[in-house]
Amino acid sequence: MKAGLTERLHAPHEQRSRRVRQGINAIASRNASALPGLVMLLIVVSCNAFLQPDFFSADSLSSNLQNAAPVILVCMAQAVIVLLGELDLSVGAGISLVNCVLAAVPSLTGWGTAATCVAALAVALAAGVCNGVLVGYFRQSALIATFATGAIWFGGALLLMPQPGGAVPEVLGEWFAMRVGVLPLAAVPVIAAWALWAVLQRHRFGRRLIATGSSADAVFKSGVDTRVVKLLGYVLAWLFVFGAALCISAQTSSGDARLGLPYTLNSVAAVVIGGVSLAGGRGSMIGAICGALVLVLIGNVVYFAGIPSNYQEVFKGAVILLALGCTFISARKPV
Amino acid sequence: MNAMLNSRRTLLLVLMVVVMVGGQWAVPGFTNADQLANQLKIATFLGLFGISQTLVMIAGGQGLDLSVGAAATLGGIVGAAVIGAGSAGLPLALVAAALCGAVVGVINGCGITVFRVPPLVMTLAMASLVDGGLIVWSSLLHVNTAASATLVALAGRSVAGVPTVAVLWLVAGTLVWWFLDRSAWGRRLMATGANPTAALLTGARVRVVRIAAYTASAVIAALTGVLLVGYVGQAFLGLGSGYVLTSVVVAVIGGVSLGGGRGDYVAVAIAAVFITVLTSLLTALQIGEAGRQCIFGATLLVFLAVNGWSMGRRAVAA
Amino acid sequence: MPLLTANGITRRYGGVVALDNVSVELNAGEVLGLLGANGSGKSTLSSILAGDNRADHGTLSLDGVALPPGEPRAARNAGIAIAHQHPGLAPNLPVWENVFLGAEVCRAGRFLNRSAARRRAAELLTSLRAGWDLDMPAGRLNVADQQLVEIAKALALEPRVLIFDEPTAALAAAEVDSLMRVIRSLAARGTAIVFISHRMAEIEALCDRAMVLCNGRYAGELQVQGRLDEARVLAWMGGAAGGAAAAHLHDAAQQSQKRLRTSAANGSGRVALSARGLRAGARLRGVDFDLRQGEILGVAGLQGHGQEELLDALAGYRKLNAGEIALDGAPLTVRSPRHMIDAGVCLVPNDRHRQGLWLDHSVEFNLAQVAVNFQSEPWRLRRQSIRRFVDLSVSRLRIKTADVRQPVRALSGGNQQKVVIGRWLDRQVRVLLLSDPTKGVDVIARKEIYEAIGALTEAGAAAIVYASDTDELLAVCDRLIVMYEGRVVAQLEGPEMNEARVTSALFGRSAA
């Protein structure tokens, strides 16, 4: 009786509109973290459109998408790990490794395109399993452990390809450049990845992944094996890493062990710009994708604004700091 | 607590000796006086950067300073420029470098405490900004980048067979050890890192402590940069960049917890020597970069395993 | 045949024996109360029963089938559920998902059935308390609501054995009543229930049988049936100390009566702290009161009506939106905890683990930190004076610790709380703020804590104590203010300080 006292103090119609507001709040709050990233994206797109009159033409969009696809995919991979409450500093080296596998395997074994891709996928998933076991089963600090495995993947890439060279199966490059009507095929891996994530969020694995990032202890006490969740999370992420490596390899057509290294820290920056909390459990994939796009398009802005190459590094750094500042001021809570 | 500290120090000492003995066996001349002195010099720089990482990691909140490389480059370039510009010499150069480092550190600290940017991201962005700024500056201004004679002499000299820089490191290390273990400042830092709320409620100025940690980190890095210029002979872009991640690894191997609130610089110093000796051995064995990377990664993993095993045995109390 | 049988359970942590050869039997439909001082092993036993922890020796079986130790999943599958003392919720997930964490309501292929889950979650939650926002992230709930979600989570499993580990510590009276109703109906349907609580009244009202643990060993058990032989239970809980350890609040009440007379006789009616119009956050909506020198002022009220916010704001920990404070007559702007400590206003925070202690650091570190923070000459540690202070604290508060260098994590709850209080002993404290200091603390330690507070106030300090246990406040405090919905609705002293007046004020019916 007494518990209902407060409820009865409000008039019935106020209660109904309150419930509607609650519903809207629920949807908004689920994706609220992506808002700053979205705003930044709009700003950067406007800058791009302003500087580059044909920005929205099919050709321009297509080429931008081709450049962006690997960044988006590696960012999505990092987002999966970060939502899980961990980190993966080996994704860049992993891209290099998969790229070198794609470039070296055909000449080493004489396999065809399909077999090469399968081999590359196997390598990527194995790397994911390795990281997942280290972090999930052996409970090592993700930061240090993945830094260590990153060195190993880099070493592996160097073993396969001491000098840049080799030849990625040509079919990949052809497909990547194609367009089906308006849609560039480069978008397919990105869309597929996003669809997979959306489906998984309707599955209990997807929710357990986020829950583990939110509080691994609570999940464990609820009888879920968090080690398996972490392992599968890393495997999922490295599926996306494979996609990123595929896109890059299709574009460069050759193998280079140093190719992927910048992607690691960029993926972390993009994830943060997109509002995904490094503490785990908070953030949305949409935010991460926005963050990746922001990074890619900033490069465009710098180029088209005619900023001298000397200033580019500074400009990028300053813009990233600005983006971060906005994100944190608007979030106003610890990330 | 003491037992655990001592065991980490002992473990690292043993490993270091093992590598040295193994090195001498595999590559004769590995442990002769000149070689050792050389390695000690290299370890000095790693150890000095290790101080930076130790301080910010103890300060808590997943503390990390990925801008130490950029700060060192900044300090080195500014220091060389100041020495070249006038005859004021070394002291002024050090002050200038320290000031630059302080600016970087304060910005890092403010971003991390006031804007709640994660240290990983903040220091990374700062590094990018500083590196970029230096690129611009060096293309606009042409300043002296050569090390002054004093600096080169300082870096090159030895006292009774021990390199002067190593003596400097010893002094710095002792100060750091005193700071952490025997001063109220050190306890305040540990308290802030281990539980910032409890620290706040017992009267600590949490923000000030954290900003001070990042400032100290950057200042030390900048001063180390000046020293590096003397060792290398020239100030150039990318002077410090090779040390960044290695310094984090050294701190972690030395037992400093990423979670904050715990750390022992003596172990970190031994770790710095150990890593240096290991890297030299790999180079001396003429193992290619591929092999070196793999071995580095594998060693770190092995060490993490050892870490986890010894922690697991200890953390049993209810 | 008993439903759940645990035989010879032994659990050691390093050198400390948490449980020594304890056996329990539970029958279907029975409510077993589990009692014991802190450190007696109740939580360890319940976590072993639920599979969260594994025993070093001993067996566990449900319906005669042995259970594998240390596997929460196996226990849940077998039908054992536990509502933990500290809620294990995922703070970023909405309330309804937390209720089914690990036991998601699924369709084919393990895809979630959101609507069914939400409906069932709403049912379970409203049986405990009406009016829930199912989509609110659990991290934003207050402590009481989090506890209720934790309970709903256990209920959702529809278990055969349900363990409640101090479920009512954070709850208000109405919620406790609902919970008891729920428990009774579960028992009627054949669920076996283990109920751990420090509150004798609840054990009396709810349990069929009560079992007492002392220092990890089985001390005794008795049938309850509406009446609990408190003297026997306390004797068992105190172990060898026996009657002397029956440190009752009645004693403390007599002490406080004495104190009132003495302080009144001293003519101190001087106001140590006065507050007008304090507002902070959403919950503190305008509080006025005066605190007299040497008095213990109690703050009573249902959970979540602003008491915690009041104390946090007075300490400088939470931002005050409006209001004025004057200390000893001089107006004071609240800037930060350090500033308030300088002025002599010190806080013993609500959550001792998260806000009050450095768990992995030594008892000495924890006790000395205030002194270290304010020490002049910070380039060295005054080790000797620190050691002296630490030893003094330990002896004055009777902190039970093997060695001041052991990590404070190893101490029992009551002793940990004493460490949090003890660190203020050598400061010139003018006002000591205590936010639910005896939560999760056993009876004996409670008495010692209140004695310490009494000693501090006799030395001239004043204290404000917020406690969720109204009986305790009535016994110990000189004056009482009651808060309802962020405002003070009653100020009671002398003959007016009785349970009836407090209860009516608790629900917003202020003094006529």
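**A buried isoleucine, a mixed sheet and a chain contact**

Leaving aside neighbours within four places in sequence, C:Ile421 is in contact with C:Val348, C:Leu397, C:Pro437, C:Ile449 and C:Ala452. The model in which these contacts appear is a predicted one. C:Ile421 belongs to helix α15 of chain C, which covers residues 413-422. Since a residue is buried when 20 or more other C-beta atoms lie within 10 Å of its own, C:Ile421, with 24 such neighbours, counts as buried. A further reference point is C:Leu432, eleven residues away along the chain, whose C-alpha atom is separated from that of C:Ile421 by 9.3 Å.

Stepping back to the whole of chain C, the secondary structure comprises 18 helices and 20 strands. The domain assignment divides the chain into domain 1, residues 4-243, and domain 2, made up of 249-361 and 410-506. Taken over C-alpha atoms, the centres of domain 1 and domain 2 of chain C are 31 Å apart. The radius of gyration of chain C is 24 Å, and this agrees with a compact globule because a value near 24 Å would be expected for 512 residues. Along the principal axes, the C-alpha atoms of chain C fill a box of roughly 70 × 50 × 50 Å. Of the 512 residues in chain C, 51% are buried. Among contacts in chain C between residues at least 6 apart in sequence, 68% join residues at least 24 apart.

Chain C also contains an open sheet of six strands, in the order β6-β7-β8-β3-β9-β10, with mixed pairing. Its edge strands are β6 and β10 (217-223) of chain C, each of which pairs on one side only. From one strand to the next, the twist averages 20°. At one edge, β6(C) runs parallel to strand β7 of chain C (residues 161-165), and four bridges join the two. One of the residues involved is C:Ile80, whose bridge partner in β7(C) is C:Val161. In a regular strand, side chains alternate between the two faces of the sheet. Strand β6 of chain C (residues 80-83) is covered on both faces, with C:Ile80 and C:Ile82 buried on one side and C:Ala81 and C:Ala83 buried on the other.

At the other edge, strand β9 of chain C (residues 209-214) runs antiparallel to β10(C), and six bridges join them. Here C:Val212 has C:Gly220 as its bridge partner in β10(C). Helix α6 of chain C (residues 173-188) packs on the sheet, touching β3, β7 and β8 of chain C, and its direction makes about 150° with that of β8(C). Helix α1 of chain C (residues 42-49) lies across β3 (31-35), β6, β7, β8 (192-196) and β9 of chain C, running at about 150° to β7(C).

Chain C also meets chain A: 23 residues of chain A are in contact with 26 residues of chain C. On the chain A side, α2 (12-31), α10 (204-214) and α11 (216-221) each supply at least two residues. The largest share of that side, five residues, comes from α10(A). The chain A residues that touch chain C divide into seven nonpolar, eight polar and eight charged.

Chain B, for its part, has 13 helices and two strands. The radius of gyration of chain B is 20 Å, close to the 20 Å given by the globule rule for 318 residues, so chain B is as compact as a globular protein of that length. The C-alpha trace of chain B spans about 65 × 55 × 35 Å along its principal axes. Buried residues account for 58% of the 318 residues in chain B.

Terms used. Residues numbered from 1 in each chain as written. Chains lettered and ligands numbered in written order. Predicted model: local features only at pLDDT ≥ 70, side-chain atom pairs only at ≥ 80, totals over all residues. Contact = placed C-beta atoms within 7 Å. Nonpolar A, V, L, I, M, F, W, Y, C, P; charged D, E, K, R; others polar. Rg over C-alpha atoms; globule rule 2.2 N^0.38 Å. Buried ≥ 20, exposed ≤ 12 C-beta atoms within 10 Å, placed from the backbone. Domains from an automatic or database assignment. Pairing = 2+ DSSP bridges. Axes fitted to C-alpha atoms, helices over the stretch in contact; angles between N-to-C directions.
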